[in-house]
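Subject: Structure for you to look at

Dear colleague,

I am passing on the structure below, and after it you will find a summary of what came out of the analysis. Please read it with the model open beside you.

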Amino acid sequence: MADQATAVPLQSKDHKTLMDIIDKLRSKGINRYVNLPQIVVCGDQSSGKSSVLQAISGMSFPTKDSLCTRFATELILRHTDEHAEEKCHVSISPGEDRSAQERAQLEQFQYSEIPDNDNIGVLVDKAKEAMGVGIDRGRTFCQDVLRIELSGPTQPHLTIVDLPGLFRAGNKEQSAEDAAIMKNPRSIILAVVSAQSNFALQEVTQLAREIDVSGVRTLGLVTKPDTLDVGSTSERDYFELVQNKDVKFRLGWHVMRNRDFKTRDVTNDERDRAEAEFFAQGVWAGIPRLQKGAPSLRTRLSEVLRDQILDQLPDVLEEIRRGLDSCSDRLEKLGAARGTLVEQRKYLLSASHQFSNLITEAKDGFYQDKFFGNAREENGYRKRLRAVVQNTLTEFSHEMRINGQARIIVDRAPKGSSTQVSRADYLLEVKSLMRRTRGCELPGTYNPLIIGELFHEQCTPWRGQLEGFSSRIFEAVDFAVNAALTYIVDEDTKSRLWSELISDALDQLNGQLRIKVEEILRPHEDGHPITYNHYLTENVQKIHTPLNHRLEAIVKNMEADMEIVASSDAVDWMEAYYKVALKQVVDDFSKLAIEACLISELPKLFTPEIVFELDDDVVSRIAGESWEIADERKFLTEKMEILSSGMTELQRLGKHHQRITDTRGKRDDTPSAPPPLPLSDSNSASSRSELEVEENGVFGADEKESTGSIRTDTGVQDATERGPTACPSPTQSDFWAELKVARVPALVARPVEETRANREGFDWTEALEAPVKKHKKKKKGIVIPESSEGYSFE
């Protein structure tokens, strides 16, 4: 294992809790459904990835130039106290493409002993054999994951995933899916670049820039810098690369010296000393200590992963919640397993009850169920059947009023119009018709039947209007019924239910609707006008008043024609009756046809009473589930169990997962880092910050005093007066990093000369875990800048 001198100073309880929970979720397979925060190590073949893992963990990995890992390796490192025993556990997590028998066999691969000489390569070879990987074994690369868990006092809190080495395109041992894990938007990409070749030509740099276009989640790592000639152009190029001047990443670059063939057997302590000596010379001496060397890489990766986990936890929780809702809705639609006749009938009874209630709500206009969705969207509107029917019938009434007449009688009609006719011309047409239908009436009078003939001609468009709007409303009904069934049952069951019951029932309703339309139209198209509505005479009187003046003008200029007078009177009565009949047909169509024959009957399409009366063979044909449905139910059940378990684990980070979501909202309104103020400005007002600490992490907010004291449940305690820290050598910068992730706007501190002794006296872990009460800040001190090095909490 790594020597004691390489211990990482930042190892908090909260840090370990975060890593353990994420690893536990990954081990349960939740990453198949939800992307988890992680660090993935990727690089070209022989880029030095194995040496990087060895330097980080202290364990020896296979480093042969001719060997490339053919499966992903998950390296889980956990820090323990200095008296704890070092432990190692190696297992295989089978891929999704494995059969049940293969999965059971691979899950038996378990090793819990530290191999001789810390050589993990022996176990890697055994895992390779167990997976059946190799050109001669039928598999070149596989989806299985080798899990290596190491714990000890020298290990950091870190989990990294080592991907199979990247080959040039066209190599038969490399599939197109090898780097798919890098596409996880929550993954931090550790792109390993070997200084032995031009970085621009290495596959990993091109792939990383294609996947992470903006470079926000990539950390570059240069290996083998000792192979560069001192003072060469290549050395200068890689030096500028590490300084983030060429290929720029938000997380920057790191450089590390690998073991070579001659030093492959040296101890970890010797390896670190040789690396430190190398970086203390030449151009590499100008690189900050935090950007070079294996020890600082451990700390840097640990902090980067911690920050990524805390930053992504709200989104992970939300994605899990959406997954649970989706599974729940789908399982509810599939219903319970229905292998027997009793289960099948019970399933249909439940579905019919839901259908009747849902259609009743749709026709009555109570849109409370989530089935109805958003009314602003087209589908949401069409599911609101009452709204669609009301709007369609309103349009029908308008159309009948505007376009229901075959001919519109006006004083002066435009030339060539097919629908408008002048009253004078129309009276001549009526006069001619009266002569053709003359009976025994006296001259100057007319046959009363002429009113019926004129009306039948005038209402000719009604049939087309009623049939057209009947079809439109029936289509709306068909859509609503189809949508309701889709919402309640699975597609297979809906198809069979539709063919066995719903389709015939809807056709029957449509037939009844057509019959009712015929009944409504028949007296208007065939019978003699009959009405006892007093509005008829009122309408005639309204028409006669202005017409009398016009007739007087006509009589003065022409010889008196009693036939014209009779024709005018007949037209007046026809128009008056048309208005009465129009109102009647609009109401009859809406009430007697649409509502009574169609809409009110919809809840009866599929009811529990109908299910009770179905024959057993019909029930089996409708509700009997296929093997595809059974497999889907099994898959959804397993997925829901995994997601539910993951939700429970994540909720351990707070009393309730909603707190995490709330913190994310507060974070959006708060700068991610406090702006530093001048040291001389002792009176500058510090912004109000809030910090609220849960049992296992920082997820809330409350106020903190400017003195740097933190109030616990027992009172205010000064940071410098606390007992020894619970963690090995924590630093204030670590505490600041924890608070920075929690998006605390500002803290107040003072610059001091004391460094380690004063810092080690501050128990920041206790501060994180203790409930913090509200305090008012004083206007003294300064705001801690991005890094708190050189400052001590008062």
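The largest nonpolar core (buried Ala, Val, Leu, Ile, Met, Phe, Trp, Tyr and Cys residues joined through side-chain atoms within 4.5 Å, where buried means under 20% relative accessible area with a 1.4 Å probe, protein chains only) has 82 residues, and Trp462, Val481, Leu506 and Phe606 have the most contacts inside it. Helix H17, residues 562-597, gives this core its largest share, 16 residues; helices here are DSSP runs of H or I with at least four residues, and strands are E runs of at least two, numbered from the N terminus. A second, separate core has 60 residues, among them Phe109, Ala294, Ile320 and Met647.

This is a predicted model, in which local features need pLDDT of at least 70 and side-chain atom pairs count only at pLDDT 80 or more, while totals for chains, interfaces and linings use all residues. Residues are numbered from 1 along each chain as its sequence is written, and side-chain values use heavy atoms, with hydrogens and water left out.

Leaving aside residues up to four places away in sequence, Phe606 touches several residues (heavy atoms within 4.5 Å), including Leu348, Phe355, Leu501 and Val611.

In helix H19, residues 616-623, the buried residues are Val618, Val619, Ile622 and Ala623. Seen down the helix axis, they fall within an arc of 105° (taken from the directions from the axis to the C-beta atoms), so they line one face of H19. These buried residues pack against helix H9 (341-364) and helix H15 (491-525).

Overall, the protein has 24 helices and 18 strands, and buried residues make up 49% of its 794 residues.

Best wishes

Technical notes
Buried means under 20% relative accessible area, exposed over 50%, partly exposed in between (1.4 Å probe, protein chains only).
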